[in-house]
Amino acid sequence: MTVSGRAKLTARGARTRERIVDVTAALVFAQGAAGTSLDEVMAGAAVSKSQLYHYFADKDDLLRAVIERQTGRILAGQRDALEAIDSMAGLRRWRNLVVATVEAGGPVGGCPLGSLANELADRDEATRAVLGTSFARWEAQLAAGLTKMRVAGRLVSDANPEMLAEVLVAALQGGLLLAKTRRSVRPLARALDVAIAHIGALAPVAEGPRPG
């Protein structure tokens, strides 16, 4: 019977499962889900087939664990910047972190989560749901910051944080795809700048002096 990562594991079992997911995530990021075989996973993680199937029902189950792992890594890497969003300056700092991270790694692999979505969103409903939840978690972090901005009066009262967060993630994903294709971080920077400029336009207009 598979535990699929949900049942309580021993410390050793948890480490084994983590190793399997880590190895699979690295293989999938390098060569895609379709190009990654379970034989490669078993060899890389130094586990037997019986061990693999003890933790995961099948390859799809393992890939869903990879989606969750990559989502956790992305959010952990951006946690401080996301939590600090309470102004346009904070939003730009998050943008700068994203762009700098991609630039430092070379814009060749794209977004680990976006790449998985591109390949797996039509695989099955369970996988699509996990991908949807992953993007929703990312958007929720951005929406929380945008909500703080609205509450503080830095955005107009009818600004929609959830919609704006969705726009930011869409700009990020599209920018990353072009950055990967063109081997340049410029499309990502531009896409985020345009999205952030739109949000900046939702700042309340300062009341000018009244006519005498």
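Author: A helix is a DSSP run of H or I with at least four residues, and a strand is a run of E with at least two, numbered from the N terminus. The model is predicted: local features need pLDDT of at least 70 and side-chain atom pairs pLDDT 80 or more, while totals for chains, interfaces and linings use all residues. Residues are numbered from 1 along each chain as its sequence is written, and side-chain values use heavy atoms, without hydrogens and water.

Reader: How many helices does the protein chain have?

Author: The elements of the protein chain, read from the N terminus, run α-α-α-α-α-α-α-α-α. The C-alpha trace of this chain spans about 85 × 40 × 30 Å along its principal axes. With zero strands, the secondary structure comes to nine helices.

Reader: What separates the centres of domain 1 and domain 2?

Author: The domain assignment, which is automatic or from a database, gives domain 1 as 11–56 and domain 2 as 74–202. Taken over C-alpha atoms, the distance between the centres of domain 1 and domain 2 is 29 Å.

Reader: Which three residues supply 85% of the area that domain 1 buries against domain 2?

Author: Five residues of domain 1 are in contact (heavy atoms within 4.5 Å) with six residues of domain 2. The two domains bury about 360 Å² between them (accessible area, 1.4 Å probe, lost on being put together and summed over both), and 71% of this lies on carbon and sulfur atoms. On the domain 1 side, the three residues that supply 85% of the buried area, more than any other three, are Val-28, Phe-29 and Ala-33.

Reader: How many residue pairs are in polar contact between domain 1 and domain 2?

Author: The side of domain 1 that touches domain 2 has four nonpolar residues, one polar residue and no charged residues. A polar contact here is a pair of N or O atoms within 3.5 Å, one able to donate a hydrogen and the other to accept it; residues adjacent in sequence count only if both atoms are side-chain atoms. Between domain 1 and domain 2, the residue pairs in polar contact, both at pLDDT 80 or more, number two.

Reader: With which side chain does the side chain of Ser-134 make a polar contact?

Author: Ser-134 lies in helix 7, residues 125–151. Ser-134 counts as buried (under 20% relative accessible area, 1.4 Å probe, protein chains only) because its relative accessible area is 4%. Leaving out residues up to four places away in sequence, Ser-134 touches Ile-67, Thr-71 and Leu-113. At 2.8 Å, the side-chain partner in the polar contact of Ser-134 is Thr-71.

Notes:
Nonpolar A, V, L, I, M, F, W, Y, C, P; charged D, E, K, R; others polar. Buried < 20%, exposed > 50% of the residue type's maximum accessible area, 1.4 Å probe, protein only.
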